[in-house]
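Subject: Handing over a structure

Dear colleague,

I am passing this structure on to you, and below it you will find my notes on what came out of it. Please read them with the model open beside you.

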Amino acid sequence: MLKSSLPKSSLRTEQPPDCEISQLSPTSLTLIADFFKVLSEVSRLQIICCLKSGSKNVSQIIEETGLGQANVSKHLKILAKAGIVTRNQQGINVFYQIANPFIFELCELVCDSLSLQIKQQHQQLEQLKAMQQSF
């Protein structure tokens, strides 16, 4: 693995010295870890992205994501239990929607961070190529 010639602080935002997360109990940290575990499944992220445009029923989610019915139902149950989505019964249909739009801000932060890392890795590869060509 290549070591970055850039300071580590350029890979992430500096945390203030009094970072609140460092003061949390192990029980609280477990809750945070469990929340991120829910987001660590591709199918659940697909469902979340599908719901960004508004509430949908299971059939609409299946159609938009290409996932199977049993798979969608299982993941919606997990997302609902984690408080990421809510369900609303309208007649015989159940519609799911995002409980708190902050989830999209969180995803954007992760995407921005990954994009920066990829850009930096690309720059490092270019530097290595230039070094190889000079030999």
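D34 and K37 lie three residues apart in helix α1, and therefore about one helical turn separates them; helices here are DSSP runs of H or I with at least four residues, strands are runs of E with at least two, and both are numbered from the N terminus. Their side chains meet in a salt bridge, with 3.6 Å from N to O, where a salt bridge is a side-chain nitrogen of Lys or Arg within 4 Å of a carboxyl oxygen of Asp or Glu. In general, side chains of opposite charge can pair when their charged atoms come close. D34 counts as partly exposed because its relative accessibility is 34%, whereas K37, at 52%, counts as exposed; the cut-offs are under 20% relative accessible area for buried and over 50% for exposed, with partly exposed in between, using a 1.4 Å probe and protein chains only.

Before going further, please keep in mind that this is a predicted model, in which local features need pLDDT of at least 70 and side-chain atom pairs count only at pLDDT 80 or more, while totals for chains, interfaces and linings use all residues. Residues are numbered from 1 along each chain as its sequence is written, and side-chain values use heavy atoms, with hydrogens and water left out.

By the salt-bridge rule the count comes to three. Another of them joins the side chains of E126 and K129, at 3.7 Å from N to O, and these two residues are also three apart, this time in helix α5 (residues 102-134), so that about one helical turn lies between them. E126 is partly exposed at 37% relative accessibility, and K129 is partly exposed at 45%. There is also a salt bridge between E64 and K56, whose closest N and O atoms are 3.8 Å apart. Is K56 buried or exposed? With a relative accessible area of 9%, K56 is buried, while its partner E64 counts as partly exposed at 47%.

As for the overall layout, the secondary structure of the protein comes to five helices and three strands, and from the N terminus on the elements run α-α-β-α-α-β-β-α. Of the 135 residues in the protein, 21% are buried.

How do the helices pack against one another? Helix α2 (residues 42-50) and helix α3 (residues 58-65) pack at an angle of about 110 degrees, with their axes 10 Å apart; the axes are lines fitted to C-alpha atoms, for helices over the stretch in contact, and angles run from 0 to 180 degrees between N-to-C directions. α2 and α3 are therefore roughly perpendicular to each other, on a scale where angles under 35 degrees count as roughly parallel, over 145 as roughly antiparallel, 65 to 115 as roughly perpendicular and the rest as oblique. Helix α2 passes α3 in a right-handed crossing, meaning that the near helix is turned clockwise from the far one by less than a right angle, with anticlockwise being left-handed. For α3 and α4 the angle is about 115 degrees, and their axes are 10 Å apart. That makes α3 roughly perpendicular to α4, and α3 passes α4 in a right-handed crossing.

Some single residues help to place these elements. L67 is found in the loop between α3 and α4 and counts as buried because its relative accessibility is 12%; although L67 and I47 are 20 residues apart in sequence, their C-alpha atoms are 9.1 Å apart in space. A70 lies in helix α4 (residues 69-81) and is exposed, with a relative accessible area of 58%, and its C-alpha atom is separated by 10.0 Å from that of V58, twelve residues away along the chain. T86, in strand β2 (residues 85-90), is partly exposed at 34%, and T86 and I98, twelve residues apart in sequence, are 6.3 Å apart in space, C-alpha to C-alpha.

Lastly, please look at the surface, where I21, L24, L29, I32 and F36 make a nonpolar patch of about 390 Å². Patches are made of residues with over 30% relative accessible area and no salt bridge, with like charges joined within 9 Å and nonpolar side chains (Val, Leu, Ile, Met, Phe, Trp, Tyr) within 5 Å; accessible areas come from the Shrake-Rupley method with a 1.4 Å probe, and for residues only the protein chains shown count as cover. Among the patch residues, L29 is found in helix α1 (residues 26-38) and counts as partly exposed, at 37% relative accessibility.

With kind regards
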